[in-house]
Amino acid sequence: MAQGLIEVERKFIPGPGTEEQLQELGGTLEHRVTFRDSYYDTPELSLMRADHWLRQRESSGWELKCPGAAGVSGPHTKYMELTVEPAIVAQLCEVLGAEILGAGGVTAVLGPLGLQEVASFVTKRSAWKLVLSRTDEEQRLLKVDLDTADFGYAVGEVEAMVHEEAEVPAALEKINKLSSMLGVPAQETAPAKLIMYLQRFRPQDYQRLLEVHSSTEKRQGTKDADNSSLG
């Protein structure tokens, strides 16, 4: 697989005072933005069932999230993010068992790979950033996104981006520390926006994913479908 950044994140249900808490902790509001996300898969959900998530974000292009290596268990997720289109196409072909379809973009291979839009919704986001320890020059910024989807679901996300697997435990420690400071219960999990969309509007697809991920969880002791990363 082509290398990309490793995203370590934890989702939570924000409260009415979450933004005020972030300000008190020294957080900075980077921006407020509204965008549309569209997700693609085969009719059988071959990508999602393999824990791969293909998204096209309005004005931002394509992204494919692929599962990271197994690590510390808990109410968090870890994914490799691919944003370069040839790398995305190569990974799609590998997951779907197709021949490499040249060096074209993602849009060009949707049809040949049998991919179609399975979800599309608009999100209003307030994006925050903060550093927990000002004395550590190497301290990595944490991002906190507070999202509200156009179908009425609100979810927050604490995120850190790292380059290597060895950096994941330290990033996770920071994420859990900030989550605790925001009053998030230690084992709280919050479904991603996409998962909630499927549950509400495509319940049969949601149930298929739940069955696959529940089976995987029993074998590996990992997250279930409700704790999937996407959103």
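**Exercise 1.** Find the residue with a positive phi just after α5, then work back through the helix in this predicted model.

*Solution.*
1. Start at the end of α5. G183 comes just after this helix and takes a positive phi of about 85°.
2. Check the helix length. α5 covers residues 168–181, 14 residues in total. From first to last C-alpha, α5 reaches 20 Å, close to the 20 Å expected at 1.5 Å a residue.
3. List the buried residues of α5: V168, A171, L172, K174, I175, L178 and S179.
4. Place them around the axis. They cover an arc of only 160°, so they lie on the same side of α5.
5. Turn to the face directed away from that buried side. Exposed E173 and S180 sit there.
6. Name the packing partners. The buried residues of α5 pack against β1, β5, β6, β7 and β8.

**Exercise 2.** Is E7 buried or exposed? Trace its links.

*Solution.*
1. Locate E7 in strand β1, residues 5–12.
2. Apply the cut-off: buried means under 20% relative accessible area. E7 has 2%, so E7 is buried.
3. Look for a side-chain partner. A polar contact of 2.9 Å joins E7 and K65.
4. Compare sequence with space. E7 and A171 are 164 residues apart in sequence, and their C-alpha atoms are 9.6 Å apart.

**Exercise 3.** Test the span of α3, then describe its surroundings.

*Solution.*
1. α3 has 12 residues, 85–96, so at 1.5 Å a residue it should span 16 Å. The end C-alpha atoms are 16 Å apart, which agrees.
2. Buried here are A87, I88, V89, Q91, L92 and C93.
3. Their cover includes α2, β3, β4, β5 and α4.
4. G97 follows α3, with a positive phi near 70°.

Terms used. Residues numbered from 1 in each chain as written. Predicted model: local features only at pLDDT ≥ 70, side-chain atom pairs only at ≥ 80, totals over all residues. Heavy atoms only, no water. Helix = DSSP H or I, 4+ residues; strand = E, 2+ residues; numbered from the N terminus. Expected span 1.5 Å × (residues − 1). Buried < 20%, exposed > 50% of the residue type's maximum accessible area, 1.4 Å probe, protein only. Contact = heavy atoms within 4.5 Å. Polar contact = N/O pair within 3.5 Å; in protein donor to acceptor, adjacent residues only side chain to side chain. Arc of directions from axis to C-beta.
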